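Me: Please go through the side-chain environments of this model with me, one question at a time.

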Amino acid sequence: MIPEQFWLTDAQFSKIAPHLPTDTRGKARVDDRRVISGIVQVLKSGGRWVDAPPEYGPKKTLYNRYVRWAAKGVWVDLFHALAQAGGPPTEVLIDSSAVKAHRSASGGKGGRKNQAIGRSRGGRTTKIHALTDAQCRPIAFMLTAGNVADCTAGAELLAHLPPCEVLHGDKGYDSNAIRRRIEDGGALPNIPPKANRKWKNCFSPLLYRNRNAIERMFCRLKDFRRVATRYDRNAVNFLAAVCLAATVAYWL
């Protein structure tokens with residue numbers, strides 16, 4: 001093995017293997033470990049699929065496996081299965097991060113709105129919304145266009161909120177609807193109130209100091225260059241890249 005290339009270890013692949021599809025028809029799949037390692041290598045390097053190193057096998061096999069399993073939800077289900085195995089967190093953090101959409105991400109079916117691409121001050125962007133625990137480990141992801149407000153997407157993302165005691169968010173999530181949603185789930189919303197609020201809600205700066213964990217999670221996730229810049233035309237494929245990168249970085 002070449003040191004610069006990514007290869008799943010025996011321990012890592014043993015965690016993944018039970019969650020891979022078993023309903024294969026016809027000819028048996030080629031080496032899953034080699035193919036998945038090749039897919040992760042492309043996500044890390046940010047290169048084109050056609051430029052994948054030959055040690056991982058045919059380039060078409062890597063691309064087809066990635067796209068077909070993304071359409072079936074295999075990569076997202078794998079991420080959720082391993083994240084849930086970590087147990088319920090005491091504290092949960094919510095935030096978002098924008099990524100630039102490359103010109104090759106244009107032209108998806110249904111237009112930019114359906115493919116989670118919007119125009120903001122940074123140009124054409126996609127927002128990755130996430131929930132993490134206090135140890136930087138991601139729990140859930142959601143994609144929206146880059147011009148969608150955090151409080152708008154946060155209401156939908158909170159449907160994936162696991163049982164916890166406290167949820168930390170920045171001022172972008174300071175809305176009555178978000179606070180009620182968090183409290184209905186049995187958690188305490190620790191969100192700094194906006195300056196224009198007449199009634200200042202309870203907020204603990206001491207607990208809020210740990211919120212940088214989700215910022216560090218996004219930084220590590222963007223070490224995967226196909227996450228830092230969106231090249232995928234289909235939003236389903238890009239979400240699969242985010243989930244697979246998070247699985248490798250935090251749950252293996």
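The questions and replies below concern burial, ring pairs, a helix face and cysteines.

Me: On what basis are the values given?
Reply: This is a predicted model, in which local features need pLDDT of at least 70 and side-chain atom pairs count only at pLDDT 80 or more, while totals for chains, interfaces and linings use all residues. Residues are numbered from 1 along each chain as its sequence is written, and side-chain values use heavy atoms, with hydrogens and water left out.

Me: Which backbone nitrogen lies 2.8 Å from a polar atom of the side chain of asparagine 190?
Reply: Asparagine 190 belongs to strand E6, residues 188–190 (strands, E, are DSSP runs of at least two residues and helices, H or I, of at least four, numbered from the N terminus). With a relative accessible area of 3%, asparagine 190 is buried (buried means under 20% relative accessible area, exposed over 50% and partly exposed in between, for a 1.4 Å probe and protein chains only). Leaving aside neighbours within four places in sequence, its contacts (heavy atoms within 4.5 Å) include Val166, His168, Phe203 and Tyr208. The backbone nitrogen at 2.8 Å from its side chain is that of serine 204.

Me: With which residues is valine 248 in contact, leaving aside its neighbours within four places in sequence?
Reply: Valine 248 is part of helix H11, residues 235–250, and counts as buried at 13% relative accessibility. Leaving aside its neighbours within four places in sequence, the residues in contact with valine 248 are Phe6, Val40 and Phe224.

Me: What is the angle between the planes of tryptophan 49 and tyrosine 63?
Reply: A search of the whole structure finds 6 aromatic pairs (rings of Phe, Tyr and Trp, the last by its six-membered ring, pair if their centres lie within 6.5 Å, with planes under 30 degrees apart counted as stacked, over 60 as edge-to-face and the rest as tilted). Tryptophan 49 and tyrosine 63 form an edge-to-face pair, 5.8 Å centre to centre. Because tryptophan 49 lies in the loop between helix H2 (32–45) and helix H3 (59–72) and tyrosine 63 lies in helix H3, the pair ties together parts that are 14 residues apart in sequence. The angle between their planes is 70°.

Me: Is tyrosine 63 buried or partly exposed?
Reply: Its partner, tryptophan 49, is buried, with a relative accessible area of 11%. Tyrosine 63 has a relative accessible area of 36%, so tyrosine 63 is partly exposed.

Me: Within what arc do the buried residues of H9 fall, seen down its axis?
Reply: The buried residues of helix H9 (residues 212–221) are Ala213, Ile214, Met217, Phe218 and Leu221. An α-helix has 3.6 residues a turn, so residues three or four places apart point the same way. The buried residues of H9 line one face of the helix, because the arc within which they fall (taken from the directions from the helix axis to the C-beta atoms) is 140°.

Me: How many disulfides does a search of the whole structure find?
Reply: The sulfur of cysteine 202 is 16 Å from the closest cysteine sulfur, in cysteine 164, which is too far for a bond (a disulfide is a pair of cysteine sulfur atoms within 2.5 Å). For cysteine 219, which counts as exposed at 55% relative accessibility, the closest cysteine sulfur is in cysteine 136, at 9.9 Å, also too far for a bond. The number of disulfides found in a search of the whole structure is 0.

Methods. Polar contact = N/O pair within 3.5 Å; in protein donor to acceptor, adjacent residues only side chain to side chain.
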